[in-house]
Amino acid sequence: MNRVDQTFIAALQGLLGEVSAFTSSRYITPYSFDGTAALKTRPGVVVFAESAREVSECVKLARKAEIPV
């Protein structure tokens, strides 16, 4: 599994805009566990896509970089 790096984050921000791809702990922490809180995994980046096309492009970028979604 590859780690999220600045190149990947820059690609996401280029696709979605800086205000839609977050790396700050402030934004990532709430997304690091599910409703059970039994399994915790800190994401490298959290994105807020606004359309199916944006979701598709984010998944394509992640797949190319071998980063799990």
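**Serine 32, alanine 21 and a helix pair**

In this predicted model, the side chain of serine 32 reaches the backbone oxygen of threonine 29 at 2.7 Å. Serine 32 itself is placed in the loop that runs between helix H2 (25–28) and strand E2 (46–47), and because its relative accessibility is 13%, below the 20% limit, serine 32 counts as buried. Leaving aside residues up to four places away in sequence, serine 32 touches Leu39, Lys40, Thr41, Arg42 and Pro43.

A second buried position is found at alanine 21, which belongs to strand E1 (residues 21–22) and has a relative accessibility of 3%, so that alanine 21 likewise counts as buried. Again not counting residues up to four places away in sequence, the contacts of alanine 21 are with Leu12, Gln13, Val45, Val46 and Val47. The C-alpha atom of alanine 21 is also separated by 7.4 Å from that of isoleucine 9, a residue 12 positions apart from it along the chain.

From these single residues we may turn to the packing of helices. Helix H1 (residues 6–16) packs with helix H3 (residues 52–64) at an angle of about 165°, their axes being 11 Å apart; because this angle is over 145 degrees, H1 is roughly antiparallel to H3. The crossing in which H1 passes H3 is right-handed. On the H1 side, the contact is made by Phe8, Ala11, Leu12, Leu15 and Leu16, while H3 contributes Arg53, Glu54, Glu57, Cys58, Leu61 and Ala62. Sorted by class, the contact of H1 with H3 comprises eight nonpolar and three charged residues, with no polar ones.

Definitions and conventions:
Residues are numbered from 1 along each chain as its sequence is written. This is a predicted model: local features need pLDDT of at least 70, side-chain atom pairs count only at pLDDT 80 or more; totals for chains, interfaces and linings use all residues. Side-chain values use heavy atoms; hydrogens and water are left out. Helices (H or I, at least four residues) and strands (E, at least two) are DSSP runs, numbered from the N terminus. Buried means under 20% relative accessible area, exposed over 50%, partly exposed in between (1.4 Å probe, protein chains only). Contact means heavy atoms within 4.5 Å. A polar contact is a pair of N or O atoms within 3.5 Å; within protein, one must be able to donate a hydrogen and the other to accept it, and residues adjacent in sequence count only if both atoms are side-chain atoms. Axes are lines fitted to C-alpha atoms, for helices over the stretch in contact, and angles run from 0 to 180 degrees between N-to-C directions. Angles under 35 degrees count as roughly parallel, over 145 as roughly antiparallel, 65 to 115 as roughly perpendicular and the rest as oblique. A crossing is left-handed if the near helix is turned anticlockwise from the far one by less than a right angle, and right-handed if clockwise. Ala, Val, Leu, Ile, Met, Phe, Trp, Tyr, Cys and Pro count as nonpolar, Asp, Glu, Lys and Arg as charged, and the others, Gly among them, as polar.
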